Amino acid sequence: MGLGGCIILIAVGAILTFATDWHMNGVNLTVVGVILMAVGLIGVATFSGIARRRRVMVPPTTPVVEEEPHHHHRVDGYSDGYGV
């Protein structure tokens, strides 16, 4: 059950607990509503704990590339290896 299902359980439980005046023989809708809200809250807590654990990421290690210093080559015909 995802986060949406947990929120629906909380909403249905709140409706049964606070917004209805139905009376059924053998069923106390107020207790059913409180149970649904409790299950929804437990689900939200569990889902957020799992989502928080998934979100923790180890930053990727990037290799350090060290560049050699640039040597300025003379263009005089002697530094390219042919005039040596």
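A residue counts as buried under 20% relative accessible area, as exposed over 50%, and as partly exposed in between. The exercises below apply to a predicted model.

**Exercise 1.** Determine whether Phe47 is buried, partly exposed or exposed, and state where Phe47 contributes to the surface.

*Solution.* Step 1: locate the residue; Phe47 belongs to helix 2, which covers residues 29-55. Step 2: take its relative accessibility, which is 33%. Step 3: because this value falls between the two cut-offs of 20% and 50%, Phe47 counts as partly exposed. Step 4: turn to the surface, where Phe47 joins Leu3 and Ile7 in a nonpolar patch of about 240 Å².

**Exercise 2.** Describe the overall make-up of the protein in terms of secondary structure, burial, surface and contacts.

*Solution.* Step 1: list the secondary structure elements; there are two helices and zero strands. Step 2: consider burial; 13% of the 84 residues count as buried. Step 3: consider the surface; the accessible area of the protein is about 7600 Å², and carbon and sulfur atoms hold 65% of that area. Step 4: consider the contacts with a separation of 6 or more; 49% of them link residues 24 or more positions apart.

**Exercise 3.** Classify Thr17 by accessibility, and identify its contacts and the backbone atom that its side chain reaches.

*Solution.* Step 1: place the residue; Thr17 lies in helix 1, residues 3-18. Step 2: apply the burial cut-off; Thr17 is buried because its relative accessibility of 14% is under 20%. Step 3: collect the residues that Thr17 touches, leaving aside those up to four places away in sequence; they are Thr30, Gly33, Val34 and Met37. Step 4: examine the side chain; at 3.3 Å, the side chain of Thr17 reaches the backbone nitrogen of Val34.

**Exercise 4.** For Cys6, Ile10 and Val12, assign an accessibility class to each residue, and give a C-alpha separation to a residue distant in sequence.

*Solution.* Step 1: begin with Cys6, a residue of helix 1. Cys6 is buried because its relative accessible area of 1% is under 20%. Its C-alpha lies 8.3 Å from that of Ile42, across a sequence separation of 36 residues.

Step 2: proceed to Ile10, also in helix 1. With a relative accessibility of 23%, Ile10 counts as partly exposed. The C-alpha atoms of Ile10 and Met37 are 4.2 Å apart, although 27 residues separate the two in sequence. Apart from residues up to four places away in sequence, Ile10 touches Leu36, Met37, Gly40, Leu41 and Val44.

Step 3: finish with Val12, which has its place in helix 1. Val12 counts as partly exposed, with 37% relative accessibility. The C-alpha distance from Val12 to Met37 is 7.7 Å, for a separation of 25 residues along the chain.

Step 4: combine the results; Cys6 is buried, whereas Ile10 is partly exposed, and Val12 is partly exposed as well.

Technical notes. Residues are numbered from 1 along each chain as its sequence is written. This is a predicted model: local features need pLDDT of at least 70, side-chain atom pairs count only at pLDDT 80 or more; totals for chains, interfaces and linings use all residues. Side-chain values use heavy atoms; hydrogens and water are left out. Helices (H or I, at least four residues) and strands (E, at least two) are DSSP runs, numbered from the N terminus. Buried means under 20% relative accessible area, exposed over 50%, partly exposed in between (1.4 Å probe, protein chains only). A polar contact is a pair of N or O atoms within 3.5 Å; within protein, one must be able to donate a hydrogen and the other to accept it, and residues adjacent in sequence count only if both atoms are side-chain atoms. Contact means heavy atoms within 4.5 Å. Patches are made of residues with over 30% relative accessible area and no salt bridge: like charges are joined within 9 Å, nonpolar side chains (Val, Leu, Ile, Met, Phe, Trp, Tyr) within 5 Å. Accessible areas come from the Shrake-Rupley method with a 1.4 Å probe; for residues, only the protein chains shown count as cover. A salt bridge is a side-chain nitrogen of Lys or Arg within 4 Å of a carboxyl oxygen of Asp or Glu.
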